[in-house]
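Trainee: Hey, I've just been handed this one and I'm new to it. Can you walk me through it?

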Amino acid sequence: MERVTTVIIGAGQNGLAMSRELTGREIDHVVLERGRIGNSWREERWEGLRLLSPNWLNDLPGHPYAGTDPEGFMSVSEFAETLDRFAVAESVPVRTGTAVNRVHAEAGRYVVETSTGAIACDSVVIATGACARSRLPSSAADLPSFVHQTTPLAYKTPRDLPEGGVLVVGASASGVQIARQLRLAGRDVTVAVGAHTRLPRSYRGGDIMFWMERLGLLDLEYTEVDDLDRVRRTPSMQLMGDPEGRSIDLNALQDIGVRIVGRLAGAANGRAQFSGALANACATADLKLARLLDAVDAWISEHGFDELVAPPDRPAPTRLPATPRLALDFAADGISSVVWATGYTPDHGFLDLPVFDAKGRIRHDGGVVAPGIYVMGLPFLRRRNSVHIDGAGADARDLANHLQTSLADRLAA
């Protein structure tokens, strides 16, 4: 059986960043990837998608953005090529086309069973990300058989959906972007809106991510948060990487003819039922948005920049239909497709280890799962920006330090 010190599972930004850290510490390792480098970016994103964060915020460790458009938004294919170049420049020992089937403990070490053979190791870093699977509600099983169902991981283009109207369930980043693309392609689109995080693309002349960085929000550490579980479940931001810097929120969707309804409460007898709390969901999102922009205004004033930046340009409150619909009949209303933009979940099913909580989620303390087991790329893993591209470097550094110390302690014991 092959033996290495550390096995890294996943060759996205997190796995590659960890490889760089381990190489710098002279810890022998291998990176396993089921497909190509950056496989999920290549295979599980829709046509035309761009990164949500501006290019200047997409640095990989030791490789800052070097292009000519720092305020732009690269496509996912361009980012995948960036990962390829990083892997070559850092001589990452990656094995593509290698699926991991099982990880288990055996005789004081770990064994990683793959599609090409087994590897024994002292430590494992799970870097498969937070969005390996789409999270589907139980009501997905209650839809009529003629309704085509898909998810953001499977959806590629409006052409893939049958003719007819589309119900998009979910109003976070994926839901609003797909709804916009479908509507611009001429589809009749309804969005079922639950909890969401509303943000403008820019505010007072700067990208909203610029202001969040200045406020220190992106570097906020997990130990500084009171209700960490709640924060980790915060919906993704309503943003899109638009070359023209346009915002995407429920008002923008309604401007192009998208209908909004409340959260999907269930489905039965060919009908979908929606919550009557649409106004509350929108009011909550608007309130949180106002608090963030208040903090930006305060920061600008504290630093004496009021005369140097644009004046406040607050987005208008979310508009609501006069009488939001509480139900749709799939046949009568011509709804032929549903896009379940209801969130994502990691896929850690290959872990044959006692590391899960009662809800099936991997237990960890800032990415440290168990002796020799680490995880990366989960929401607020160590910092708010742990799921962002530029967050991979800091998380990899911290966890590599822990891994190195742990290995040294075991050798000394």
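Mentor: Sure, we'll go through a helix, a sheet, a hairpin and a few single residues. Keep in mind that this is a predicted model.

Trainee: Okay, helix 1 then. Is helix 1 mostly covered or mostly open?

Mentor: Mostly covered: nine of its twelve residues are buried. Among them are Leu 16, Ala 17, Met 18 and Leu 22, and also polar ones such as Gln 13, Asn 14 and Glu 21.

Trainee: What do those buried residues of helix 1 pack against?

Mentor: Quite a list. There are the strands, namely strand 2 (6-9), strand 3 (29-32) and strand 8 (123-126). Then there are helix 2 (39-43), helix 3 (76-89) and helix 9 (391-412).

Trainee: How far apart are the end C-alpha atoms of helix 1, and what should the helix span?

Mentor: They are 17 Å apart. At 1.5 Å a residue, the twelve residues (13-24) should span 16 Å, so the two agree. Just after the helix, Glu 26 takes a positive phi of about 60°.

Trainee: You mentioned strand 2. Which sheet is strand 2 in, and in what order do the strands come?

Mentor: It belongs to an open sheet of six strands, ordered 4-3-2-8-24-23, with mixed pairing. Strand 4 (94-95) and strand 23 (368-370) are the edges, each pairing on one side only.

Trainee: And what packs on that sheet?

Mentor: Helix 9 does, touching strand 2, strand 8, strand 23 and strand 24 (373-375). The direction of helix 9 makes about 180° with that of strand 24.

Trainee: Back to the strand 4 edge. How does strand 3 pair with strand 4, parallel or antiparallel?

Mentor: Parallel, over two bridges. Leu 32 has Arg 95 in strand 4 as its bridge partner.

Trainee: Can we zoom in on a residue in the sheet? Where is Thr 6, and is Thr 6 buried or exposed?

Mentor: Thr 6 is in strand 2. It has 0% relative accessibility, so it counts as buried. Its side chain makes a polar contact of 2.6 Å with the side chain of Ser 123. Leaving aside neighbours within four places in sequence, Thr 6 also contacts residues including Leu 22, His 29, Cys 121 and Leu 403.

Trainee: What about the nonpolar core? Which residues touch the most other members?

Mentor: The largest nonpolar core has 79 residues, and the ones touching the most other members are Val 7, Met 18, Val 103, Val 124, Val 168, Leu 182 and Val 191. Helix 9 gives the most to this core, with six residues.

Trainee: Pick one of those. What is Val 124 in contact with?

Mentor: Beyond neighbours within four places in sequence, its contacts include Val 7, Val 103, Tyr 110 and Ile 373.

Trainee: New topic: strand 19. Which way do its side chains point?

Mentor: They alternate. Ala 272 and Phe 274 point to one face and are buried, while Arg 271 and Gln 273 point to the other face and are not buried. That fits the general pattern, where side chains in a regular strand alternate between the two faces of the sheet.

Trainee: Which strands does strand 19 pair with?

Mentor: On the one hand strand 18 (264-268), antiparallel, with four bridges; Ala 267 is partnered with Ala 272 there. Strand 20 (327-329) also runs antiparallel to strand 19, with three bridges, and Gln 273 stands opposite Ala 327.

Trainee: What happens between strand 18 and strand 19?

Mentor: There are two residues between the strands of that hairpin, and Asn 269 takes a positive phi near 55°. Asn 269 counts as exposed because its relative accessibility is 78%.

Trainee: Why is a positive phi worth pointing out?

Mentor: Because most residues other than glycine have a negative phi. Ala 107 is another case, with phi near 55°. Ala 107 lies in the loop between strand 5 (100-106) and strand 6 (109-114), and at 76% relative accessibility it counts as exposed.

Trainee: Last one: where is Asp 59, and what does its side chain reach?

Mentor: Asp 59 is in the loop between helix 2 and helix 3, and its side chain reaches the backbone nitrogen of Tyr 65 at 2.8 Å. With a relative accessible area of 28%, Asp 59 is partly exposed. Asp 59 and Gly 393 are 334 residues apart in sequence, yet their C-alpha atoms are 8.6 Å apart in space.

Note on methods: Residues numbered from 1 in each chain as written. Predicted model: local features only at pLDDT ≥ 70, side-chain atom pairs only at ≥ 80, totals over all residues. Heavy atoms only, no water. Expected span 1.5 Å × (residues − 1). Buried < 20%, exposed > 50% of the residue type's maximum accessible area, 1.4 Å probe, protein only. Contact = heavy atoms within 4.5 Å. Polar contact = N/O pair within 3.5 Å; in protein donor to acceptor, adjacent residues only side chain to side chain. Core = buried A, V, L, I, M, F, W, Y, C linked by side-chain atoms within 4.5 Å. Pairing = 2+ DSSP bridges. Axes fitted to C-alpha atoms, helices over the stretch in contact; angles between N-to-C directions.
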